[in-house]
Amino acid sequence: MKVVVAGATGAIGRPLVTALRAAGHQVYALTRGGRGAEIARSLGATPLIANVMDRSDLLRATERLTADAIIHELTAYRYSPPTHYHAPGLLRTNALREIGSKHLVELAERTGARRYLTQSLIVGYGLRDHGSTPVTEQDPFGRIPGDVNDGIIAALHEAEASAWRAPGIDGIALRYGLFYGPGASDTFVRALKMHVFPLPKTVTGYTGFIHLADAAAATVAALEHGVPGQAYNIVDDEPITWGTMFDAMAETVGARPPRRVPARLLRMTSPLAAAQMLDFSIRVSNAKARAELGWKPTYPTYREGLPTLVNATN
């Protein structure tokens with residue numbers, strides 16, 4: 001297929017472009033230019049210079065383009081996920097999911113693309129305790145809670161709704177777990193080695209992680225085999241706590257265990273990170289992605305995936 005990837009030079013975008021090329025697809029990378037265009041070319045993609053948030057600029061830059069599929073992987077997280085609700089990167093990412101999604105769906109219509117995939121996240125199920133029952137794609141998603149998390153949830157809901165709204169386009173949503181691996185864990189590894197990465201003294205909430213390479217492979221599988229109008233949970237096989245992941249990550253890269261701080265201090269200094277560590281607990285099932293996409297994680301748990309950080313950080 002001829003595939004346009006928005007966000008091709010980001011954490012998930014780079015391994016995704018590589019995986020798409022390996023699968024025989026022709027890739028166009030939407031980028032704002034400069035270093036992004038150089039990276040796109042180095043990955044074997046053709047850069048398209050445009051600002052997705054500027055509708056007229058996007059449509060001008062792609063005026064003569066035809067495509068088979070559009071993949072939306074845009075975020076504004078420059079180095080790592082935000083820790084505050086008013087972080088500029090989070091606000092820009094919300095806008096990319098709300099406004100940018102509309103522009104990309106229009107691009108799909110104008111280029112003749114029949115396939116449209118969008119990045120979504122398991123936090124869209126709600127930043128609360130979901131209990132011990134595995135959460136599937138049949139569970140409620142994108143429901144506005146009426147609290148400080150409204151902006152995040154509303155943006156994820158709109159990204160998915162945009163994928164499914166346009167007639168004649170096969171929309172698919174990919175509900176990724178938390179990314180880790182080379183390119184996704186670099187900031188965390190540096191913080192762990194400097195012993196400045198804090199965790200609350202008690203972390204009981206579970207979440208789903210996914211190695212970047214497995215996230216990219218699942219996205220290619222969804223492009224090729226995904227059922228139109230469906231969402232897929234893209235997580236590994238074992239839900240774990242943040243404490244389990246980052247204690248193991250520290251050990252893997254030769255750092256001391258993360259320092260523990262009182263929960264109230266973390267809530268004051270990093271309220272969004274605290275909500276994910278303290279309020280959010282979810283055990284997400286990947287059974288649907290395995291069954292319908294013919295995909296399974298190469299790194300089924302963090303035990304197999306974390307060693308990939310060693311060579312990347314030495």
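Trainee: Which strands does helix α4 (residues 88-111) lie across?

Mentor: Helix α4 lies across β1, β2, β4 (69-72) and β5 (115-121), and runs at about 170 degrees to β4. Axes here are lines fitted to C-alpha atoms, for helices over the stretch in contact (heavy atoms within 4.5 Å), and angles run from 0 to 180 degrees between N-to-C directions. Helices (H or I, at least four residues) and strands (E, at least two) are DSSP runs, numbered from the N terminus. Keep in mind that this is a predicted model, where local features need pLDDT of at least 70, side-chain atom pairs count only at pLDDT 80 or more, and totals for chains, interfaces and linings use all residues. Residues are numbered from 1 along each chain as its sequence is written, and side-chain values use heavy atoms, with hydrogens and water left out.

Trainee: What makes β1 and β2 a pair?

Mentor: Two strands pair if DSSP finds at least two bridges between them. Strand β1 (residues 2-6) and strand β2 (residues 26-31) have 5 bridges, in the parallel sense, so they count as paired. V4 stands opposite Y28 in β2.

Trainee: Why are β3 (46-49) and β11 (230-234) said to stand at the edges?

Mentor: Look at the open sheet of 7 strands, with parallel pairing and the order β3-β2-β1-β4-β5-β6-β11. β3 and β11 each have a single partner strand, so one side of each is left without a neighbour in the sheet. The twist averages 20 degrees from one strand to the next.

Trainee: Why is the aromatic pair of Y125 and F141 called edge-to-face?

Mentor: Rings of Phe, Tyr and Trp (its six-membered ring) pair if their centres lie within 6.5 Å; planes under 30 degrees apart count as stacked, over 60 as edge-to-face and the rest as tilted. Y125 and F141 are 5.0 Å apart centre to centre with 90 degrees between the planes, so both tests are met. Y125 and F141 each lie in the loop between β5 and α5 (150-165), so the pair ties together parts that are 16 residues apart in sequence.

Trainee: How do you know that Y125 is buried?

Mentor: Buried means under 20% relative accessible area, exposed over 50%, partly exposed in between (1.4 Å probe, protein chains only). Y125 has 4%, so it is buried. F141 is buried too, with 13%, while H195 has 22% and is therefore partly exposed.

Trainee: What makes R175 sit over the ring of F141?

Mentor: A charge sits over a ring if NZ of Lys or CZ of Arg is within 6 Å of the ring centre and within 35 degrees of the ring normal. The charged end of R175 is 3.8 Å from the centre of the F141 ring, so the distance fits.
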